[in-house]
Amino acid sequence: MDRDVGSRVHVASTPPARPKSTRPYAFLVSTTGCARGISRHLGSAAYSYAFVFEAFKPVLEQLGVWRLVDRPESSLAFAARRAEAEGFQPVHLAFHPLQDIYLTPAVPTLAFPFWEFPEIPTRDFGVDTRQNWLRISNAVDVVAAACEFTADAFRRAGARPPLHVVPVPLPDAYFDLPAWDPEHVWTLNCRHLTWGGEPDVVPADAAATASTRATKLEPEPDANVSPASWKRKLWNLGRRGFRAVYPWLSPAHVDRIGKLKTGLLALAGRGPASNPHEGPRSLGRRLYHAARSTYNALIRPWLSPGAVAGVTKLKVRLMRALGREPIVVIDPLLPSSELTLGGLVYTSVFNLGDRRKNETDLLTAFLLAFQNRPDVTLVLKLATNPTREHHEVNLLSHLYRSLGIRHRCRVVVITEFLSDERMAALMRVTSYYLNTSRAEGACLPLQQALAGGRPAVAPAHTAMSDFIDDAVAFVVDSHPEPTYWPHDPERRIETAWDRIVWSSLRDQLLASAAVVDRDPDRYRELAESARTRMRSYAARDVVARQLEAALAKLPDRPVGAFAWAS
Amino acid sequence: MIAHSPHFASSAAESPVGDVFFDANPLLDKHLTGIGRYAARLALALSKRRRVRFFAGRRELITPRGLDWSPDQDLGRWARRATSGRRPDLAAIPDDALGVYCCLRPSERLFRYEASVLHDFTPQVVPATHTEATRGLFNGFCAVTMKSSDVALAVSHSTKADAAWLADFNPDRVVVAHSGPSLCVERCLHAARVPRRAEVGLVVSTLEPRKNPEFLLDWFTKSDALPDHAELWWVGRLGWLTSRKRLRKFECAHATRRVRFLGVVDDETLCRLYQAAGWAAYPSLYEGFGFPVVDALRHGAPVLTAYHSSLREFDRPGVSFFDPCDPSTLDEAWAQLQSTPLPDRAALDRDFSWDRVASTLLRAFAEPAPMLAQVRDDSAA
């Protein structure tokens, strides 16, 4: 039966699963703005809610119809009124962290927040009252949690609304993934960089240098450069000296020396922003750069954000009056090239900007465990986007180089957005999913890998405690460690996450490789257990039943009510 | 000698509070719109029941002799006059005095009874439509200073509902009273008969992002639903985060339809405009109450308004609703407007009355005596 709510509602593909006496649901979904173009916003704040919404769409269509409401504060009540008039039962389904949610008594709200710490914030952050998750949750009608761990965090805080665990549904395509085949290889063309690995026969350092060169803005060396002058030699000597003492200087000293250098270069007409191909600067330009450096170093830190914006606006106007448009520097992206994956492949999908993800342990443990195994590959699929890619690749490259580990195993960093089909293909070539995170609210890629029969190397803490154990994974030991909520501006130590035991991680990586090498039956057993576990935990029909149970807890309040209590 | 409102008729049974000390800061704005108009109207309404005295900070604003306390006059002129007197230090505050804060307030308490008016939570709900400074001030109010008040008077059920999840304030201490009209309370300021012009639409609001002007102007210049000779008159000043140049382009965006920005007008002119308009529109993205809807309905103009927050509480004959983010729903609302019955003036006067606002505020201090004691304990702590 096709039904429609408003002009933008997606039509249910199957009849509503609810009894005929009750009206089908109209899910009015509010979520992160990333949902309108995830490829451009991957890695941005709350981006993973877009994937959760995407995963839920087929389940919502089983129970009724859905509509994405972009501005719930302005459009939700109207959408609910219209859905009600058309014979539906409107429900506000909010895929948001609670500080971003909008609540109204006009329509019952089922909130779906993800949370990975044992405590939820029960206070305002400064004067930001929206950060008090306890107060906000108490005004929600039902809270759906993706795992028992999150539900416990709400219970522990004393949240009043009904709580129900509703895992994120996993696409059928993952359950249908063929079993891992050591002979299977997959070639794709994407933006990536590679460190080490036998096929390239490139030493690790050289590979790192070569592959990161494209990400730097340094100019190519000029073939016609004349022999270094005494000034250049003096400059190089100073720079070498600085680099020698740099590790022992405080950040404040480094900052001051940097500013001094910038100022000297500006006066000499060779500021870092200058284009070496531009030729010598005129006196006016040198004065401009000197003034800019002085402003940035001495005046700007004392100005309010509003005043800084005012000065910038004035500068842009002045430059426009002089016929100069502001220059927008676009960071270069990694070049796209062919990549072939095969053999023993460990895959990890994460956002480098999230400090929970623990990429240092991940890299060091992998490189040291498989230092002399050219047939082993680690695929790091970064959740990033073109705006962030340059910066994040530089960060990761810096981390990698600073480790100084010589290795023959291969590390591949993929920065390009991969469609659902390519992600499924990546999982097909994957032998193990690797997770070294300190806390997880769900970890969808891990769940998808398990559903596809790819065992994991992962700790069994936070959300992962629902589905990770020895039957489906090589479990990495972990212990609680005090920390702060990631969005707390004061960074008060009020919660905890789980610090993984590095030696356990390395040992489990070695053990997992040993199973592939010597015990294929054990691998098949793990793979089958993983599939079965996830089918019973988060297959679509299972989640649909859980969601229905959560919806049944919604209060019987008339749509369009004006207040909760009165 | 202190001059005061002369019309009060004290009723101890209604409330234990005596003189009302009214925070005059909202009345000091150059253009008395929104919160300023509300403050002026509430002061005038309270003056019928209690002696009203104005204060700002720690100074009293002595009202001049012969100040007119009648409701139907130009509020801007009245507010300027009311706040133009001497400003001695605030001294000898009676024991039963009530302090009323119509906008922000300090944490420090000055009076035995204190009340805050809650207009809206738009700085938290639609933060992008406010400047950073405004967001900071209102966030501080909701998180900290509001707690010093014994009672909060919400201007709509929607605002009370927002307070429940956005403010650290006991919901049991929030009372609701819909505001009265912002002008022409007992009689029309423009007494002469004005012919109604069906082709003219009127919008009364500051031109700022939350009022969603570009959405309405875009619809007005592009919609096929409107007649070709339609006119849209916009009353209100240019506000924050809004480009005059971008709005000006709508003046000549359609060959035959006309957009006129009338700026700030006095109350009598506004009354005349409401009487002349064939319809009014209010495309706001979020509201605390919505004076222009009540004012337009009381002047006989049907209203097209967004359906959310407090605007939902105007669901009555004469009002057609739309989604302020979807122009197609505005076309439908316009079509409905052509067949909507005229608003019922008597029902409007009953539901939106300043007298009721004043009595609700005063009665709030009569009923929950234990609650007030608890508040004072909290404040002392």
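Into which domains is chain A divided? A few notes on this one, bearing in mind that the model is predicted.

1. Domains of chain A. To take that opening question straight away, chain A is divided into domain 1 (25–168 + 546–552), domain 2 (182–211 + 334–538) and domain 3 (232–321). Domains 1 and 2 are each written as two segments, so to speak: look for 25–168 together with 546–552 in domain 1, and for 182–211 together with 334–538 in domain 2. If you want a distance to go with that, the C-alpha centres of domain 2 of chain A and domain 3 of chain A are 40 Å apart.

2. A helix pair in chain A. Have a look at α12 (residues 359–369) and α16 (residues 502–518) of chain A, which pack at an angle of about 45° with their axes 9 Å apart. That angle is neither under 35 degrees nor in the 65 to 115 range, and α12(A) and α16(A) are therefore oblique to each other. As for handedness, α12(A) and α16(A) make a right-handed crossing.

3. Who touches whom in that pair. From α12(A) you have D361(A), A365(A), F366(A), L368(A) and A369(A), and they meet W502(A), L505(A), R506(A), L509(A) and L510(A) from α16(A). Sorted by class, the contact of α12(A) with α16(A) has 8 nonpolar residues, no polar ones and 2 charged ones.

4. Where the chains meet. On the chain A side, 29 residues are in contact with 32 residues of chain B. Two elements of chain A give two or more residues to this side, namely α3 (72–85) and α4 (133–138). The top contributor is α3(A), with 6 residues. By class, the side of chain A that touches chain B comes out as 13 nonpolar, 8 polar and 8 charged residues.

5. Chain B overall. Chain B has 13 helices and 13 strands. Its radius of gyration is 21 Å, close to the 21 Å that the globule rule gives for 381 residues, so chain B is as compact as a globular protein of that length. Along the principal axes, the C-alpha trace of chain B spans about 65 × 45 × 35 Å.

6. Domains of chain B. Here the division is into domain 1 (20–180 + 353–372) and domain 2 (197–351), and their C-alpha centres lie 28 Å apart. The contact between them takes 20 residues from domain 1 of chain B and 24 residues from domain 2 of chain B. On the domain 1 side, the elements giving two or more residues are α3 (122–125) and α5 (157–166) of chain B. Of these, α5(B) has the largest share, with 3 residues. What classes of residue make up the side of domain 1 of chain B that touches domain 2 of chain B? They are 4 nonpolar, 13 polar and 3 charged.

7. A helix pair in chain B. Last one: α1 (residues 35–46) and α2 (residues 75–82) of chain B pack at an angle of about 70°, with their axes 10 Å apart. Angles of 65 to 115 degrees count as roughly perpendicular, and α1(B) and α2(B) are therefore roughly perpendicular to each other. The residues involved are G36(B), R37(B) and A40(B) of α1(B), along with L75(B), W78(B) and A79(B) of α2(B). By class, that contact has 4 nonpolar residues, 1 polar and 1 charged.

Key: Residues are numbered from 1 along each chain as its sequence is written. Chains are lettered from A and ligands numbered from 1 in the order in which they are written. This is a predicted model: local features need pLDDT of at least 70, side-chain atom pairs count only at pLDDT 80 or more; totals for chains, interfaces and linings use all residues. Two residues are in contact if their C-beta atoms, placed from the backbone, lie within 7 Å. Helices (H or I, at least four residues) and strands (E, at least two) are DSSP runs, numbered from the N terminus. Ala, Val, Leu, Ile, Met, Phe, Trp, Tyr, Cys and Pro count as nonpolar, Asp, Glu, Lys and Arg as charged, and the others, Gly among them, as polar. Domain bounds come from an automatic or database domain assignment. Axes are lines fitted to C-alpha atoms, for helices over the stretch in contact, and angles run from 0 to 180 degrees between N-to-C directions. Angles under 35 degrees count as roughly parallel, over 145 as roughly antiparallel, 65 to 115 as roughly perpendicular and the rest as oblique. A crossing is left-handed if the near helix is turned anticlockwise from the far one by less than a right angle, and right-handed if clockwise. The radius of gyration is taken over C-alpha atoms; the globule rule is 2.2 Å times the number of residues to the power 0.38.
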